[in-house]
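Me: I would like to learn how to read some features of a protein model, step by step. Could you give the general idea each time, and then the case at hand?

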Amino acid sequence: MARRRLSGNGGEAVSGKRETFILLIRLALGGVFLYAGVLKIADPVAVAGSVASYRILPYFGNYLAAAIIPWLEAVCGLLLISGRWTRGAAAMVLLLNLLFMAVLTSTLVRGLDIDCGCFGKGSGPITWLTMVRDAALIAVCALLVRKA
């Protein structure tokens with residue numbers, strides 16, 4: 001298929017809209033992960049308890065995940081907001097969301113009725129809507145990895 005060349009400033013307008021769109025999704029995704037990470041950093045013991053409720057990791061693993069994942073979320077959120085290492089941060093958030101979806105799927109399949117813990121204590125139960133939210137986040141991450 002032949003490419004059309006836009007004459008005049010039309011190409012610059014399209015490029016500007018694309019850059020604005022990328023900026024907005026980068027800021028939104030970064031904000032979500034910065035917010036989620038900071039909420040969990042504030043209470044690592046509660047996060048370890050939340051991780052333990054998924055019944056996947058051994059005791060030590062719950063505390064290790066509670067110590068690492070919130071910081072990873074917050075740092076990636078900051079990187080996305082700042083525009084530094086955008087592709088790497090988006091790729092890491094994509095991998096985190098794939099991990100989260102695997103854990104959420106396991107939880108739903110096993111019939112566990114637990115709090116998600118996605119945004120700290122009291123985030124609400126895990127439902128298929130939680131899966132849809134994470135799938136949307138994965139799509140946004142993939143877009144940023146490809147276009148940023």
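The dialogue below takes up the cysteines, one helix and the nonpolar cores.

Me: What should I know about the model and its numbering before I begin?

Reply: This is a predicted model, in which local features need pLDDT of at least 70 and side-chain atom pairs count only at pLDDT 80 or more, whereas totals for chains, interfaces and linings use all residues. Residues are numbered from 1 along each chain as its sequence is written, and side-chain values use heavy atoms, with hydrogens and water left out.

Me: How many disulfides does the structure hold?

Reply: A disulfide is a covalent bond between the sulfur atoms of two cysteines, and the criterion applied here is a pair of cysteine sulfur atoms within 2.5 Å. The structure holds 1 disulfide, which joins cysteine 116 to cysteine 118 with an S to S distance of 1.8 Å. Cysteine 116, at 5% relative accessibility, counts as buried (buried is under 20% relative accessible area, exposed over 50%, partly exposed in between, with a 1.4 Å probe and protein chains only).

Me: Why is cysteine 141 not bonded to cysteine 76?

Reply: The sulfur of cysteine 141 has its closest cysteine sulfur in cysteine 76, and because they are 9.1 Å apart, this is too far for a bond. Cysteine 141 counts as buried, at 0% relative accessibility, and cysteine 76 is likewise buried, at 4%.

Me: Which residues of helix 5 are buried?

Reply: Helices are DSSP runs of H or I with at least four residues, numbered from the N terminus. In helix 5, the buried residues are Thr130, Met131, Asp134, Leu137, Ile138, Cys141 and Leu144. They cover an arc of only 140° around the axis, so they lie on the same side of helix 5, the arc being that of the directions from the helix axis to the C-beta atoms. The face turned away from that buried side carries the exposed residues Trp128, Leu129, Val132 and Arg146.

Me: Which residues have the most contacts inside the largest nonpolar core?

Reply: In soluble globular proteins, nonpolar side chains tend to be buried together. A nonpolar core is a set of buried Ala, Val, Leu, Ile, Met, Phe, Trp, Tyr and Cys residues joined through side-chain atoms within 4.5 Å. The largest has 24 residues, and those with the most contacts inside it are Leu29, Tyr54, Leu80, Val93, Ile126 and Leu144. Helix 1 (10-41), helix 3 (59-82), helix 4 (86-110) and helix 5 each supply at least two residues of this core, and helix 4 gives the most, with 6 residues.
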